[in-house]
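User: I would like to learn how to read a fold from its atoms. Please take me through it feature by feature.

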Amino acid sequence: MQPDMVMDYPKLLEKGYVWRVNVEMPMQDTPGDDIYEYTVTIDVVSPTQALAQYIASTIYPDSSLISVPDEPLTA
C-alpha cells in the first residue's frame, strides 16, 4: 500500500503544526537528596496550542510546569 500524501517534519513546520514545548520535571538523584528541576524541550505536532499542551501533559504527567508559546515554530 502506498500513501497518497506524506507529511514530513518540514511540511508540518511549514503548515504551523509544530510547537516547541518546555517541560519542567522534578529530579532526585537518590532518595533523601534535594529535588531539583530540569527542563525538557520537545517538539509536539499539533494543529493547536491547547492540544500541544495536552499532549505534553499526557507524555509527562509528573511535570511541574509546561510552557507552550503563543505561536508555533516557523521554518
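User: Let us start with strand pairing. Which residue in E2 is the bridge partner of Pro-26?

Analyst: In general, strands of a sheet pair through backbone hydrogen bonds, either parallel or antiparallel. Here, in a predicted model, Pro-26 has Glu-37 as its bridge partner in E2. That bridge belongs to a wider pairing. E1 and E2 are joined by 10 bridges in the antiparallel sense.

User: How many bridges join E1 to E3?

Analyst: There are 3 bridges between strand E1, residues 18-27, and E3. These two strands also run antiparallel. Take two bridges into E3 as examples. Glu-24 has Leu-65 as its partner there. Val-23 is bridged to Ile-66.

User: What is the order of the strands in the sheet?

Analyst: Read across the sheet, not along the chain. The order is E2-E1-E3, an open sheet of 3 strands with antiparallel pairing. E2 and strand E3 (65-67) are the edge strands, and each pairs on one side only. On average, neighbouring strands of this sheet are turned by 20° against each other, direction ignored.

User: How do I check such an arrangement with distances?

Analyst: Compare separation in sequence with separation in space. Tyr-38 and Glu-24 are 14 residues apart in sequence, yet their C-alpha atoms are 5.6 Å apart. Now look at the two edge strands. Leu-65 is in strand E3. Its C-alpha atom is 9.8 Å from that of Glu-37, with their positions 28 residues apart along the chain. One more pair is useful. Val-18 and Ser-67 are 49 residues apart along the chain, with 14 Å between their C-alpha atoms.

User: Is Val-18 buried or exposed?

Analyst: Val-18 lies in strand E1. Its relative accessibility is 0%, so Val-18 counts as buried. Contrast Leu-65 in E3: this residue is partly exposed, at 43% relative accessible area.

User: Which residues make up the largest nonpolar core?

Analyst: The general idea comes first. In soluble globular proteins, nonpolar side chains tend to be buried together. In this model the largest nonpolar core has 11 residues, including Trp-19, Val-21, Val-23, Met-25 and Val-40. Ile-42, Val-44, Ala-52, Ala-56, Ile-66 and Val-68 belong to this core too.

User: Which elements give two or more residues to this core?

Analyst: They are E1, E2 and helix H2 (49-59). E1 provides the largest share, with 4 residues. Val-23 deserves a second look. This residue is in the core, and its backbone is bridged to Ile-66 in E3. Ile-66 is a core member as well.

User: Now the charged side chains. How many salt bridges does the count come to?

Analyst: The count comes to 1 salt bridge. The side chains of Asp-43 and Arg-20 meet there, at 2.7 Å from N to O. Asp-43 lies in strand E2 and Arg-20 in strand E1, so the pair ties together parts that are 23 residues apart in sequence.

User: How should I read the accessibility of the two partners?

Analyst: Take each residue by its own value. Partly exposed is the class between 20% and 50% relative accessible area. Asp-43 has 32%, so it falls in that class. Arg-20 also counts as partly exposed, at 38%.

User: Which residues form a nonpolar patch on the surface?

Analyst: Not every nonpolar side chain has to be in a core. Met-27, Tyr-36 and Tyr-38 form the patch, with about 260 Å² of accessible area together. Place them on the strands next. Met-27 lies in strand E1. Tyr-36 is in strand E2, residues 36-45. Tyr-38 has its place in strand E2 too.

User: Why do the patch residues count as partly exposed?

Analyst: Their relative accessible areas give the reason. Tyr-36 has 37%, so this residue is partly exposed. Tyr-38 is at 34%, and therefore counts as partly exposed. Met-27 has 32% and is placed in that class as well.

User: How far apart are Met-27 and Tyr-38 in space?

Analyst: Their C-alpha atoms are separated by 6.9 Å, and they are 11 residues apart along the chain. Set this beside the pairing of their strands: E1 and E2 pair antiparallel over 10 bridges.

Terms used:
Residues are numbered from 1 along each chain as its sequence is written. This is a predicted model: local features need pLDDT of at least 70, side-chain atom pairs count only at pLDDT 80 or more; totals for chains, interfaces and linings use all residues. Side-chain values use heavy atoms; hydrogens and water are left out. Patches are made of residues with over 30% relative accessible area and no salt bridge: like charges are joined within 9 Å, nonpolar side chains (Val, Leu, Ile, Met, Phe, Trp, Tyr) within 5 Å. Accessible areas come from the Shrake-Rupley method with a 1.4 Å probe; for residues, only the protein chains shown count as cover. A salt bridge is a side-chain nitrogen of Lys or Arg within 4 Å of a carboxyl oxygen of Asp or Glu. Buried means under 20% relative accessible area, exposed over 50%, partly exposed in between (1.4 Å probe, protein chains only). Two strands pair if DSSP finds at least two bridges between them. Axes are lines fitted to C-alpha atoms, for helices over the stretch in contact, and angles run from 0 to 180 degrees between N-to-C directions. A nonpolar core is a set of buried Ala, Val, Leu, Ile, Met, Phe, Trp, Tyr and Cys residues joined through side-chain atoms within 4.5 Å.
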